[in-house]
Amino acid sequence: MDGMDRTARAFLESLFRSAVAAAHPAAVLPANLPEPPARGRLVILAAGKAAGAMTEVAEQRYLALLPRQRLAGLAVTRHGYGRPTQLVPLIEAGHPVPDAAGISTTRRVLALADAVDAEDLVLVLLSGGASANWIAPVGGLTLAEKQAVTRALLKSGAAIGEMNTVRKHLSRIKGGRLAARAFPAEVTTLAISDVPGDDPAVIGSGPTVPDPTTLADARAVVARYRLDLP
């Protein structure tokens with residue numbers, strides 16, 4: 001590598017580091033965190049590659065404002081992306097192909113959502129990778145089959161929005177279903193986007209926002225890319 005190549009590489013690496021620093025939860029999350037509930041619990045549910053850092057930042061804020069018994073939650077991130085959280089457990093799971101750790105953690109997330117009430121606030125912290133980390137196949141679909149679908153989508157060349165259209169229609173948490181489980185609690189979602197256009201329905205497969213896609217849309221993606229599915 002000659003001097004010009006080294007200079008160009010150093011410049012590009014500096015741009016990359018600057019972009020990562022600008023989007024890091026420590027920089028963008030504190031000013032956007034909601035006020036804690038007046039009487040109920042704050043339940044933090046986090047997923048994605050930045051889930052550890054997002055949970056770490058949120059905990060620092062809320063542990064200074066709430067007694068520990070009013071703070072609960074669960075976070076899941078990609079293997080190797082863990083952070084030292086204080087109260088909210090952080091589980092490492094598979095990405096981009098989901099694994100058994102993601103399945104068991106998502107069951108616990110749904111149980112936490114089922115247990116909230118109208119006085120609670122559910123704070124959902126999303127980032128890229130959440131679609132693989134929060135894995136709750138619809139009834140009759142096995143983990144092996146969900147993994148096969150994911151691998152087929154990854155090899156297909158489908159855009160992320162198309163991939164998530166299929167994944168949402170095979171899930172009990174994606175496509176707004178987490179918010180439905182948490183009703184009547186207030187749900188606030190903060191997301192670090194990894195998708196073009198930053199559509200909340202696409203980030204992490206939109207677990208807390210209405211799903212604008214249909215089953216017919218999902219089937220059309222399967223047909224368009226000639227996916228070999230279970």
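Student: How many salt bridges does the structure hold?
Tutor: This is a predicted model, in which local features need pLDDT of at least 70 and side-chain atom pairs count only at pLDDT 80 or more, while totals for chains, interfaces and linings use all residues. Residues are numbered from 1 along each chain as its sequence is written, and side-chain values use heavy atoms, with hydrogens and water left out. With a salt bridge taken as a side-chain nitrogen of Lys or Arg within 4 Å of a carboxyl oxygen of Asp or Glu, the number is 8.

Student: How many residues apart are Arg9 and Glu13?
Tutor: Their side chains meet in a salt bridge, N to O at 3.1 Å. Helices are DSSP runs of H or I with at least four residues, and strands are runs of E with at least two, numbered from the N terminus. Arg9 and Glu13 share helix α1 (residues 3–23), and the spacing, about one turn of the helix, is 4 residues.

Student: Is Arg9 buried, partly exposed or exposed, and why?
Tutor: Buried means under 20% relative accessible area, exposed over 50%, and partly exposed in between, with a 1.4 Å probe and protein chains only. Its partner Glu13, at 33%, counts as partly exposed. Arg9 has 48% relative accessibility, which means that it is partly exposed.

Student: Which residue forms a salt bridge with Glu35?
Tutor: The closest N and O atoms of the pair Glu35 and Arg61 are 3.0 Å apart. This pair links distant parts of the chain, 26 residues apart: Glu35 sits in the loop between α2 (25–28) and β1 (42–47), and its partner in helix α3 (residues 51–63). Glu35 is exposed at 56%, whereas the partner is partly exposed at 24%. The residue you want is Arg61.

Student: How far apart in sequence are the parts that Asp114 and Arg181 tie together?
Tutor: Asp114 and Arg181 form a salt bridge whose closest N and O atoms are 2.7 Å apart. Asp114 belongs to helix α4 (residues 100–114) and Arg181 to helix α8 (residues 177–182), so the parts tied together are separated by 67 residues.

Student: What is the volume of the largest pocket?
Tutor: On a 1 Å grid over the protein atoms alone, a pocket is an open set of points where a 1.4 Å probe fits, with protein on both sides within 12 Å along at least five of seven lines; lining residues have an atom within 4 Å of a point. Points are joined across faces, edges and corners, and the volume is the space filled by probe spheres set on them. For the largest pocket, that comes to about 460 Å³.

Student: Which residues are closest to the centre of the largest pocket?
Tutor: The largest share of its lining, 4 residues, comes from α1. The lining divides into 9 nonpolar, 5 polar and 3 charged residues, where Ala, Val, Leu, Ile, Met, Phe, Trp, Tyr, Cys and Pro count as nonpolar, Asp, Glu, Lys and Arg as charged, and the others, Gly among them, as polar. The largest pocket has about 460 Å³, and of its 17 lining residues the closest to the centre are Val20, Ala23, Lys49, Ala50 and Ile192.

Student: Which helix gives the largest share of the lining of the second largest pocket?
Tutor: About 200 Å³ of space lies in this pocket. Its lining holds 9 nonpolar residues, 1 polar and 1 charged, with His169 and Arg219 among the lining residues. The largest share, 4 residues, comes from residues 215–224, which form helix α9.

Student: Which strands stand at the edges of the sheet, each with a single partner strand?
Tutor: Two strands pair if DSSP finds at least two bridges between them. The 5 strands make an open sheet with parallel pairing, in the order β3-β2-β1-β4-β5. Each edge strand has one side without a neighbour in the sheet because it has a single partner; these strands are β3 (90–93) and β5 (186–192).

Student: Why is β4 largely enclosed by the rest of the structure?
Tutor: In this strand (residues 121–127), 6 parallel bridges reach β1, and 7 parallel bridges reach β5. Both faces are covered, with Leu121, Leu123, Leu125 and Ser127 buried on one side and Val122, Val124 and Leu126 buried on the other. The strand is largely enclosed because the residues that are buried number 7 of the 7.

Student: What is the bridge partner of Leu125 in β5?
Tutor: On the β1 side, Leu45 has Val124 as its bridge partner in β4, and Leu42 stands opposite Leu121. In β5, Leu125 has as its partner Leu190.
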